[in-house]
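Colleague: Thanks for making time for this one. Could you put the model up so that we can go through it together?

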Amino acid sequence: MAEYHHKVLIIGSGPAGYTAAIYTARAGLKPLLISGDEIGGQLTLSAEIENYSGFFPSTSSTELMETMHRQAEKFGVVFINDTIVEVDFHHHPFECVSANHNVFYAQSIIIATGSSAQWLNTPDEKKFRGHGLSVCATCDGFFYRNKDVAVIGGGNAAVEEAIYLTQFARSITLIHRRDKLRADKILQDKLSANSKINFKYNCVVEEILGQDEPTSLTGLKLKNIKTDKNEILNIDGAFVAIGHIPNTAVFRHQLELDNKGYIKTLPDSCATSVKGIFAAGDVKDPLFRQAIIAAGSGAQAAIEAGRFLNQ
Ligand SMILES: Cc1cc2nc3c(=O)[nH]c(=O)nc-3n(C[C@H](O)[C@H](O)[C@H](O)COP(=O)(O)OP(=O)(O)OC[C@H]3O[C@@H](n4cnc5c(N)ncnc54)[C@H](O)[C@@H]3O)c2cc1C
């Protein structure tokens, strides 16, 4: 157990956290960054990234995150591999306690803890993540030009993903466990009007089917929960759209959160309901969830933290 005192504490090592670290370090604020369990953040779950400007034609997600780490290190950011489990934002300096019983005191905090996509938790699912199984149509839809894909889910996110995929895919099968969608009517109407979309209602995914070397998804084994019958759906890719959970449990009762648990920030700002605490990236963004947007938000939070400390 150790005690740390820093002007700025950054929680999270995804694109938002690393970018906030680079900016605050270059501003002379000597930040300390706590990485969490997922060093490099969500992007490390993906193999390749094609839409991060400046990395053409593409880069490995691991390499991108390692480059951000090295860049932050060069400017003197202190890194600690630990997870924050308790916070007290009612007193200044703010206090955070970690899983390893370290205590961190900071004048300002940038929260960049991201969100976690919900997966299906079927056997073998992990093997196909990034090899035909995705949680992000904006990120991976482009790889499925003229291919057959499925979207799993029935809410607004699933319908939006399916509509987005009609630009690329030959066919999209929407798989939903209920007998009707939960999405807004206007989205459902748009969906029904598109001839590329097929529906499988009352169905759940029992198994992801595919091959090894190279690992690739080739289909889904579905079960109709009304008839108990199984069916094989042959497809090239599947998009899981059953929701994201923002990593904010530890900040509940300390900061204002929206009804889905995302941290509320002021308009055009990363400032939260507590002065001196800023939120950046997916932890405050239920809408876009893109690495480059998270990085930009990290930069903004860093600038706002600097202004708060210098006022
Ligand atoms: C499979 C997949 C593929 C994707 N592909 C793309 C793509 O091609 N292009 C694109 O732009 N975006 C893509 N995304 C989205 C992108 O990864 C996210 O938008 C981006 O990573 C969000 O960055 P962030 O820094 O806000 O949070 P995250 O990357 O989620 O990082 C959160 C960090 O917080 C840490 N943390 C969480 N809780 C705690 C705690 N209590 N204490 C300390 N640390 C904590 C975690 O360890 C992690 O380091 C993809 C996402 C997934 C899941």
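Colleague: Before the details, where does Pro214 sit?

Modeller: This is a predicted model, in which local features need pLDDT of at least 70, side-chain atom pairs count only at pLDDT 80 or more, and totals for chains, interfaces and linings use all residues. Residues are numbered from 1 along each chain as its sequence is written. Helices (H or I, at least four residues) and strands (E, at least two) are DSSP runs, numbered from the N terminus. With that in hand, Pro214 is found in the loop between β14 (203-211) and β15 (216-224).

Colleague: What is omega for the bond joining Glu213 and Pro214?

Modeller: Most peptide bonds are trans. The one that joins Glu213 and Pro214 is cis, and its omega is about -10°.

Colleague: Which other peptide bond is cis, and in which loop is its proline?

Modeller: The bond from His92 to Pro93 is cis, with omega near 5°. As for the loop, Pro93 lies between β6 (84-88) and β7 (94-98).

Colleague: Strand β7 also holds Cys96; is Cys96 buried or exposed?

Modeller: We call a residue buried if 20 or more other C-beta atoms lie within 10 Å of its own, exposed if 12 or fewer, and partly exposed in between, with C-beta atoms placed from the backbone. Cys96 touches Leu9, Ile84, Val87 and Phe104, not counting residues up to four places away in sequence; contact means C-beta atoms, placed from the backbone, within 7 Å. Cys96 has 23 other C-beta atoms within 10 Å, so it is buried.

Colleague: Are Asp268 and Arg289 buried or exposed?

Modeller: Most residues other than glycine have a negative phi. Asp268 has a positive phi near 55°, and Arg289, in the loop between β19 and α7, has a positive phi of about 45°. Asp268 has 7 C-beta neighbours inside 10 Å and therefore counts as exposed. Arg289 has 20 other C-beta atoms within 10 Å, so Arg289 is buried.

Colleague: Within what arc do the buried residues of α2 fall?

Modeller: The buried residues of this helix are Ser61, Leu64, Met65, Met68 and Ala72. Looking down the axis of α2, and taking the directions from the helix axis to the C-beta atoms, we find that they line one face, because they fall within an arc of 95°.

Colleague: Which exposed residues are on the face of α2 turned away from that side?

Modeller: The buried residues of α2 pack against α1, β3 (48-49) and β4 (59-60). The face turned away from the buried side carries the exposed residues Glu63, Arg70 and Lys74.

Colleague: Now the ligand: which residues of its shell are the closest?

Modeller: A residue counts as near a molecule if its C-beta atom, placed from the backbone, lies within 6 Å of it. The ligand is surrounded by 38 residues, and the closest are Gly14, Gly36, Gly41, Gly114 and Gly281.

Colleague: Last one: between which domains does the ligand lie?

Modeller: Helices α1 (15-26) and α7 (291-310) each supply at least two residues of the shell. Domain bounds here come from an automatic or database domain assignment. Both domains give residues to the shell, so the ligand lies between domain 1 (3-116 + 245-310) and domain 2 (125-240).

Technical notes. Contact = placed C-beta atoms within 7 Å.
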